[in-house]
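Here is a short report on one protein structure. It covers charged pairs, aromatic rings and a patch on the surface.

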Amino acid sequence: MPLSIQQSRRLARSVRGAAAALLLVSLGALVAVGWSERQDALKDGSERLELMARVLEDQATRSVETAAFALRTVAEGMRVLPQQEAVRLQPLLAQALIAQPVLRGLAVLDGEGLVLASSDLREQGLRLDLSQFGALPGVGHDQLLPLRSGRDLRSLRHEPADPARSTAKLLPLVRRVSVAGGRELLLLALINPDALSNAQQTAVGDDPGDRAALLSYGGELLAATSQVGLPLGSSLAGHPVFQQHLPRREHGSYVGTGMESGARIVAYRAARARPLVVLVEEDLDKALRDWRDGLWWLVAGGVASALVIIGAALVLLANLKARARTRLELDLAHERVALRERELSVLFKSVQELLFRTDAQGRLSFVNAHWAAFSHQGAEQALGRLMQDLVEPGDRDRVARLFLRDEQGGARRAEISLRAGDGQLRHFQMAVVPLLGPERGQVLGFAGSAVDVTERVLAEHGLKQQLAFSGLLLEVSPQPISMTDLGGRYVVVNRAWEDFTGRSRHEVMGHPMGFFLPAAERTAQQAQDEELLARGGRSAAETQILHRDGTLRDVQISKVVVPDESGGASGILCTVTDVTKFRAAERATLQARDAAEEASRAKSEFIANISHELRTPLQSILGFSELGVARGQAAPKLAAMFGDIHAAGQRMLALVNDLLDVSKIESAVGTFHLERCDLRQLVAPVMQELDPLLARRGLSLSCQLPEHALPVKVDVLRIQQVLRNVLANAIKFSPEGGAIRLDAEQDGQQVHIVVADRGPGIPPAELEEIFGAFVQSSKTKDGSGGTGLGLAISRKILEIHGGSISAQNRAGGGACFHIHLPLRLPGDTQLSALH
């Protein structure tokens, strides 16, 4: 029916109200977007300055730590150097200064301020007033001192008349060390603040709106860019960072006042290792410059939106007037469409797709026979219903748009979901064509079809899930991964690749592979890719790549050709594995091995020298003492004196031999020769060797060994040395006429040897202590001799063989020593661990 005058007026008022509301909403959105972009600009500026502050703080800290390392290096060279030879350090100081561009000088001072050595020969002999430096650090520590005026030590002898006007500044770093003789000296490094300022200038640039400064915790200006209009040494203790932020927060940013008047963005960061604070500032006007430039476009967009809203409202009002005129014409068109539907209904019944026809509002006026088979209902139950009411709720808006009555001709398509009569959800590709009347813009109804695409939709859904899963695996992979197409341009990079290179995917997508690399390296990579594409398969190579932090990283690059659907190549997938720590560990291991071999060689030389230097005179003493005993039989007192000398020489020779054994065992390099043997065969030679000692004291030694073999893998001479030491102790401390037992048995995967005596025993508190070097039991310190090294040597030998030794007291008196060695059965190829 045509619209009435009242209905047209009500609709016109509604349109005007909606247009006004949209204008207000657009204005509010314009203001909100402008404010949001301003906040984003401030946030981006703050994050950039905070990153800059972090970089400059790390740079300043590394510069100071480099100077401190130089002082520690010099200190290590001074530990054994007498004070009067400190001048010999001048070449070391000069060499250290060359390797440290941030330093202006290095010097060694005594406690009175006298310069003993300096990197500058002209400064030796100067005397400095140490009180001008304030409190100095303790021994073994270093400390940054306040900024001083001058260029070298000579300028530090006297404070300048006007420090503020002195442009040359020095930042002293002092370390107190203790040298031979217990004397304390001072190591002084003169850090060049200009070097720190130059590094800041390079990072910040020459823009007058940017500035950076390095300050002490007390607010003293130590280094600054040229934009800071304050001389070095000025106090900025009143800066808001010191008044409001530190030490509550070690780093952060804010918008407000800074080193100079005016609004600006300020970022700060306090160093953890040193009393240093870095400030980075940017003028607020400069930070918001891009935002203000883009504001005009935002305003222009708002004006354009308002014009569009007004124009749309005018068009809608005109359409309302036209609707009343066209309603009658539409009704006539419906009648013609119904006639055509009856003519085509027979044809539609034979089609296996869902065919339908609707009126201009989208109400079904015809469905084919396949509809009844699909819905398990009669066709008459669907007629008269809106098509959008028959689909799933989520598809109704999409279907409603297909039936919009506009002048757009041609097929309209959408993918929808319908619930079949058996309850299954089926997916269809629906196509709708408007049926136009004879008049322009007249829509009589719609004709359409729906093709079942359920299998295709399910397959696409599974493929999307697989692609999403593959993309997630690529993104969370800790290895940097990238892919290039056949033209060598980046098409995929993951987050690990961005973190490694410091470049976002938006910067590299579509660009040639390695465009940011040096030309030679880029050319080599391109040649490798061309060769890989030509032969297919995969390749791997190890090289060095510049990390985002500026360091060269050892990496292993693996590349593989990615096939396309036809079996050809679609690109190259590249993975990067960082092996820097592994290679560093390899180099450290080689260095440690070389150092160990050098130390072993030096120790071997020492052992050879001590053997020659000590044994030669001892042999002379023993020889002459034996000769004196032999010739002094007629003088008993003289013979007794030579006998005492001979006994003392024998004890000294035993001590030297034990010391040499300890040194050889500690080195563990080429001193143990393991061989398989039966432990029972090692006992008899030791017992036979000790028979004279047993007979001299009237002792009996009983030995109980098993009938079966006790296979072990040992150094025969060393294990016999252990048995000899333990049995000799038992003989030495057993009472005359006493009995000693030696038993051996297999205990699981070990061989257990027990040596028991009836001597004085061992105090319980000393059962473990007696295995230390030069330690004897308090019950056996009777002057009978012994070095206290026998049990220490025995324990070390057994530990190298993977065994152990322990002691305990016997019931009824005496001591019992337990020796354990790992059993080596036939076919056991395990190697003994030498430590």
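Arg 583 and Glu 586 form a salt bridge, with their closest N and O atoms 3.2 Å apart. This is a predicted model, and the contacts described here are computed from it. Both residues belong to helix H14, which covers residues 580-631. They are 3 residues apart, so about one helical turn separates them. Glu 586 has a relative accessible area of 35%, which means that it counts as partly exposed.

## Salt bridges

How many salt bridges does a search of the whole structure find? The search finds 36. Three of them are set out below.

| Salt bridge | Closest N to O distance |
|---|---|
| Arg 583 and Glu 586 | 3.2 Å |
| Glu 184 and Arg 176 | 3.4 Å |
| Asp 283 and Arg 211 | 3.3 Å |

Take the bridge between Asp 283 and Arg 211. This pair links distant parts of the chain, with the two positions 72 residues apart in numbering. Asp 283 is in strand E11 (residues 276-283). Arg 211 is in strand E7 (residues 210-216). Is each partner buried or partly exposed? Arg 211 has 5% relative accessibility, so it counts as buried. Asp 283 has a relative accessible area of 24%, so it is partly exposed. The line between the two classes is drawn at 20%.

Glu 184, which bridges to Arg 176, is also partly exposed, with a relative accessible area of 36%.

Some charged residues join in a network. Arg 48, Asp 210, Glu 282 and Lys 286 are linked by salt bridges in this way.

## Aromatic pairs

A search of the whole structure finds 3 aromatic pairs. One of them joins Phe 403 and Phe 446. Their ring centres are 5.2 Å apart, and their planes meet at 85 degrees. That makes the pair edge-to-face, because planes over 60 degrees apart are classed that way. The pair links distant parts of the chain, 43 residues apart. Phe 403 is in the loop between helix H9 (396-402) and strand E14 (412-419). Phe 446 is in strand E16 (residues 443-452). Phe 403 has a relative accessible area of 8% and is buried. Phe 446 is buried as well, at 0% relative accessibility.

Another pair is made by Phe 771 and Phe 817. It is edge-to-face, at 6.4 Å centre to centre and 75 degrees between the planes. Here too, distant parts of the chain are linked, 46 residues apart. Phe 771 is in the loop between strand E26 (750-756) and helix H19 (790-800). Phe 817 is in strand E28 (residues 815-822). Phe 771 is buried, with a relative accessible area of 6%. Phe 817 is buried too, with a value of 7%.

## Charges over rings, and helix H19

What sits over the ring of Phe 771? The charged end of Arg 795 does, 4.2 Å from the ring centre. A further case is Arg 38, which lies over the face of Trp 291, at 6.0 Å from the ring centre.

Arg 795 is among the buried residues of H19. Others include Gly 790, Leu 791, Ile 797 and Ile 800. Why is H19 described as largely enclosed by the rest of the structure? The reason is that 9 of its 11 residues are buried. Just after H19, Gly 802 takes a positive phi of about 85 degrees.

## Helix H10 and a surface patch

Phe 469, Leu 472, Leu 473 and Val 476 make a nonpolar surface patch of about 400 Å². Val 476 lies in helix H10, which covers residues 454-476. Its relative accessibility is 56%, so Val 476 counts as exposed.

Glu 475 is also found in helix H10. At 23% relative accessibility, Glu 475 counts as partly exposed. How far apart in space are Glu 475 and Trp 497? They are 9.5 Å apart, C-alpha to C-alpha, and 22 residues apart in sequence.

## Cysteines

A search of the whole structure finds 0 disulfides. Two cysteines can be placed by their accessibility. Cys 816 is at 8%, so it counts as buried. Cys 703 is at 33%, so it counts as partly exposed.

How values were computed. Residues are numbered from 1 along each chain as its sequence is written. This is a predicted model: local features need pLDDT of at least 70, side-chain atom pairs count only at pLDDT 80 or more; totals for chains, interfaces and linings use all residues. Side-chain values use heavy atoms; hydrogens and water are left out. Patches are made of residues with over 30% relative accessible area and no salt bridge: like charges are joined within 9 Å, nonpolar side chains (Val, Leu, Ile, Met, Phe, Trp, Tyr) within 5 Å. Accessible areas come from the Shrake-Rupley method with a 1.4 Å probe; for residues, only the protein chains shown count as cover. A salt bridge is a side-chain nitrogen of Lys or Arg within 4 Å of a carboxyl oxygen of Asp or Glu. Helices (H or I, at least four residues) and strands (E, at least two) are DSSP runs, numbered from the N terminus. Buried means under 20% relative accessible area, exposed over 50%, partly exposed in between (1.4 Å probe, protein chains only). A disulfide is a pair of cysteine sulfur atoms within 2.5 Å. Rings of Phe, Tyr and Trp (its six-membered ring) pair if their centres lie within 6.5 Å; planes under 30 degrees apart count as stacked, over 60 as edge-to-face and the rest as tilted. A charge sits over a ring if NZ of Lys or CZ of Arg is within 6 Å of the ring centre and within 35 degrees of the ring normal.
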